[in-house]
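Colleague: I should like to go through this model with you, from the overall fold down to single residues. Could you show it first?

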Amino acid sequence: MTTTHKPATRLLRAGRPHRGWINTPVTRASTYVFDSVAEWRDTRERREKERLASYGARGTDSTHALEDALLALEGGHRAQLYPTGQAAIAVVLLAALRAGDHVLITDAVYEPVRRFCANHLSRLGIAYEFYPPDGSDLSARIRPETRLIYAESPGSLTYEMIDLPAVADLAHRHGALLAVDNTWGCGVLCQPLALGADISILAATKYLGGHADVMMGAVVCNARAWPAVQQASIDFGQTVGADDAWLVLRGMRSLTVRMAAHGAAALKVARWLHTQPVVARVWSPALPNHPSHDRWRRDCRGTNGLLTVEFRADITQAAVEAMIDSLALFGLGASWGGFESLVVPVNMRAARSLSDWTGRGPMLRLHVGLEDPEDLIEDLRLAMQCLSPSHP
């Protein structure tokens, strides 16, 4: 296998360290024993720079296989696994920042990151500041003490994209790192490291696992960013179990096929929603009317199952919530990226701090799963009957 192979080919062969086995065997282990004190001491010295079997918390065949698959997917120098996507984000922030530092964070950030900044960065003496999701004024916000720019591209909920190569150049000229939450792009649709980022963060819970049966986060770093992330991960005791690693690796084998199906179905649903009189806007960067559509075409290789629907301003929140309750094929629940369709209401005034969403209609986020899109459209059509003007 070579790097010239397409992602689907690489993913079918990556992370298979054992000759003969198509599926990497599960290695459940904590203690690794050595033949001599000399070997034990040599391994403990070398493992700070090399990936070696030494102790379960430092990785097993199962976690190493998944790390190899992530490197084949995203590129980069080394990868690290975490119990959740939020854990991965928290470790990256704490690895890159110390008291007196400043971090710039997109206003389109995953909402729990806002809480982490308020509860933990502040008490540690780390200054944080949000910037517009398109990155339009980043250069004016950067300070001498800025050590990290944190991005999502596309951003949460309304999928704005920033110019990652330009932001990477800005960060590096000022001695800062660029970290990107790439859960939306999942390595198949977008590769931030190839666009200049230093760190790519993924919630493997979502598209990588793909079956709504595992929790995990992952970070892929270039050589510049890796030492600090590795040390923080060790110090915070971050690791995952072999069975979870096996589940994510299994999910990744079908990732390219699933992403194509999610993307095609989501666009079909989006185009139907766009024709509905109660809908003011459908948010997806793959739609030509999205503000970031041109940047999406440049930086991405497709779309996923996420859509955000904005209803007319005269539609009430209560009516939209009644519509959600009446859906049969969209489950009401957190997360996305599994095979099933999901829906959650969206509160943009709570999710953003730099833009004014007052006076806008209610919104909901859909994850279009692998059901037949015609069935999903019919489910939405029936549920949206309660949104007609004759209903409150």
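Modeller: A residue is called buried under 20% relative accessible area, exposed over 50% and partly exposed in between, with a 1.4 Å probe and protein chains only. This is a predicted model, in which local features need pLDDT of at least 70 and side-chain atom pairs count only at pLDDT 80 or more, while totals for chains, interfaces and linings use all residues. Residues are numbered from 1 along each chain as its sequence is written, and side-chain values use heavy atoms, with hydrogens and water left out.

Colleague: What percentage of the 392 residues is buried?

Modeller: The count is taken over the 392 residues of the protein. The buried share of these is 54%.

Colleague: How many helices and strands are there in the protein?

Modeller: Helices (H or I, at least four residues) and strands (E, at least two) are DSSP runs, numbered from the N terminus. On that basis the protein has 14 helices and 12 strands.

Colleague: What is the radius of gyration, and how does it stand against the globule rule?

Modeller: The radius is taken over C-alpha atoms, and the rule is 2.2 Å times the number of residues to the power 0.38. For 392 residues the rule gives 21 Å, and the protein is close to this, so it is as compact as a globular protein of that length. Along the principal axes, the C-alpha trace spans about 80 × 50 × 35 Å. The radius of gyration itself is 22 Å.

Colleague: Of the contacts with a separation of 6 or more, what percentage joins residues 24 or more positions apart?

Modeller: A contact means heavy atoms within 4.5 Å. Among contacts with a separation of 6 or more, the share from residues 24 or more positions apart is 73%.

Colleague: Why is helix α3 described as largely enclosed by the rest of the structure?

Modeller: Helix α3 covers residues 61-74, and its end C-alpha atoms are 20 Å apart, which agrees with the 20 Å expected for 14 residues; the expected span is 1.5 Å times one less than the number of residues. Its buried residues, among them Ser62, Thr63 and Leu66, pack against α1 (7-13), β1 (78-82), β6 (199-202), β7 (217-221), α9 and α10 (255-274). The helix is largely enclosed because the buried residues number 10 of the 14.

Colleague: Which residues does alanine 245 touch, not counting those up to four places away in sequence?

Modeller: Alanine 245 lies in helix α9, residues 242-253, and is buried at 1% relative accessibility. Its C-alpha is 9.9 Å from that of threonine 60, although the two are 185 residues apart in sequence. The residues it touches are Ser62, Thr63, Leu66, Met216 and Val240.

Colleague: Where is the residue that follows the cis peptide bond from serine 153, namely proline 154?

Modeller: The bond from serine 153 to proline 154 has omega near 0 degrees. Proline 154 is in the loop between β4 (146-152) and α7 (164-173).

Colleague: Is tyrosine 159 buried or exposed?

Modeller: Tyrosine 159 lies in the loop between β4 and α7, and its phi is near 65 degrees, a positive value in a residue other than glycine. Leucine 157, in the loop between β4 and α7, has a positive phi near 80 degrees and is buried with a relative accessible area of 13%. At 1% relative accessibility, tyrosine 159 is buried.

Colleague: Which residues does isoleucine 89 touch, leaving out those up to four places away in sequence?

Modeller: Isoleucine 89 is in helix α4, residues 85-96, and is buried with a relative accessible area of 3%. Its C-alpha is separated by 9.5 Å from that of phenylalanine 116, 27 residues apart along the chain. The residues touched are Tyr110, Val113, Tyr150, Asp181 and Ile201.

Colleague: How many residues apart in sequence are histidine 367 and serine 335?

Modeller: Histidine 367 is in strand β12, residues 363-367, and counts as buried at 1% relative accessibility. It touches residues including Tyr207, His262, Phe330 and Trp336. Its C-alpha lies 8.9 Å from that of serine 335, and the separation in sequence is 32 residues.
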